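Biologist: I have a new model on my screen and would like to learn how to read it. Could you walk me through it, one question at a time?

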Amino acid sequence: MHRDLANDPTRAGWLRTVSWLRNGGVPDTPHPASPQPGSTRPHDSTSLTLRPPPTIHILDRPTPRTAAISWSDAGACHYGYQIWDMVPSKRDGICVLTGSTIRTGDLIYTPRVDEPSPINAGEMIAAAFVDA
């Protein structure tokens with residue numbers, strides 16, 4: 001008997017089990033899924049994501065105002081060598097590398113926006129942590 005896993009109601013339970021095993025028996029804390037930048041879909045506060053955070057590595061500093069980042073987000077995207085530019089933040093946010101608070105005007109690194117825009121275009125890293 002063949003079943004469509006994408007429409008399987010037990011799939012969410014299976015994903016929680018796999019996540020639990022990957023975390024050494026410590027359950028993930030579900031957090032609201034945030035809409036992708038430029039998404040026209042309204043934010044659904046009832047949707048939860050159990051996906052692990054992205055894996056981020058600073059690979060290189062091609063210039064004093066750029067950083068080459070390796071970004072791997074399970075199930076979303078992988079950028080092996082993505083250029084991020086240092087700019088003042090246009091909004092408050094959270095540093096994806098450390099979880100620290102970023103305020104409007106703080107120096108940050110953010111992905112260079114090309115066509116099409118990268119999936120992680122709205123993310124930011126506090127410049128102090130790249131320059132350290």
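Biologist: Let me begin with one strand: how many of the five residues of β8 are buried?

Modeller: First, some ground rules: this is a predicted model, where local features need pLDDT of at least 70, side-chain atom pairs count only at pLDDT 80 or more, and totals for chains, interfaces and linings use all residues. Residues are numbered from 1 along each chain as its sequence is written, and side-chain values use heavy atoms, with hydrogens and water left out. Buried means under 20% relative accessible area, exposed over 50%, and partly exposed in between, with a 1.4 Å probe and protein chains only. Strand β8 spans residues 107-111 and is mostly covered, the number of buried residues being four.

Biologist: Thanks! How many helices and strands does the protein chain have?

Modeller: Both are DSSP runs numbered from the N terminus: helices are H or I with at least four residues, strands are E with at least two. Going from the N terminus, the elements run α-β-β-β-β-β-β-β-β-β-α. The tally is two helices and nine strands.

Biologist: In what order do the strands of the open sheet lie?

Modeller: Strands of a sheet pair through backbone hydrogen bonds, either parallel or antiparallel. Here, two strands pair if DSSP finds at least two bridges between them. β5 and β8 run antiparallel and are joined by five bridges, while β8 and β9 (residues 125-126) pair in the antiparallel sense over two. The edge places go to β3 (55-63) and β9, each pairing on one side only, and the five-strand order is β3-β4-β5-β8-β9.

Biologist: Which residue of β8 is the bridge partner of Trp-84?

Modeller: β8 has bridge partners on two sides. Towards β9, Ile-108 is matched with Ala-126. Towards β5, Asp-85 has Thr-110 as its partner in β8. For Trp-84, the partner in β8 is Pro-111.

Biologist: Which two residues form the aromatic pair?

Modeller: A pair of aromatic rings is described by the distance of the centres and the angle of the planes. Rings of Phe, Tyr and Trp (its six-membered ring) pair if their centres lie within 6.5 Å; planes under 30 degrees apart are stacked, over 60 edge-to-face, and the rest tilted. A search of the whole structure finds one such pair, and its rings are tilted, 5.8 Å centre to centre with 35° between the planes: Trp-71 and Trp-84.

Biologist: In which strands do Trp-71 and Trp-84 sit?

Modeller: Both of these tryptophans, Trp-71 and Trp-84, are buried. They are 13 residues apart, so the pair links distant parts of the chain: Trp-71 is in β4 (residues 66-73) and Trp-84 is in β5 (residues 77-88).

Biologist: Which residue forms a salt bridge with Arg-112?

Modeller: A salt bridge is a side-chain nitrogen of Lys or Arg within 4 Å of a carboxyl oxygen of Asp or Glu, and the count by this rule is two. Arg-112, in the loop between β8 and β9, meets a residue of β5 that is 27 residues away. Arg-112 is partly exposed at 36% relative accessible area, whereas its partner counts as buried at 19%. With N to O at 2.7 Å, that partner is Asp-85.

Biologist: And how far apart are the closest N and O atoms of Arg-103 and Asp-92?

Modeller: Arg-103 lies in the loop between β7 (101-102) and β8, and Asp-92 in the loop between β5 and β6 (93-94), so this pair ties together parts eleven residues apart in sequence. Arg-103 is partly exposed at 47% relative accessible area, and Asp-92 is partly exposed at 42%. Their closest N and O atoms are separated by 3.7 Å.

Biologist: How many disulfides are there?

Modeller: A disulfide is a pair of cysteine sulfur atoms within 2.5 Å. Cys-77 is buried with a relative accessible area of 13%, and Cys-95 is buried with 2%. By the distance rule, the number of disulfides is zero.

Biologist: One last thing: which peptide bond is cis?

Modeller: Look in the loop between β8 and β9, where Pro-116 lies. With omega near -5°, the cis bond runs from Glu-115 to Pro-116.
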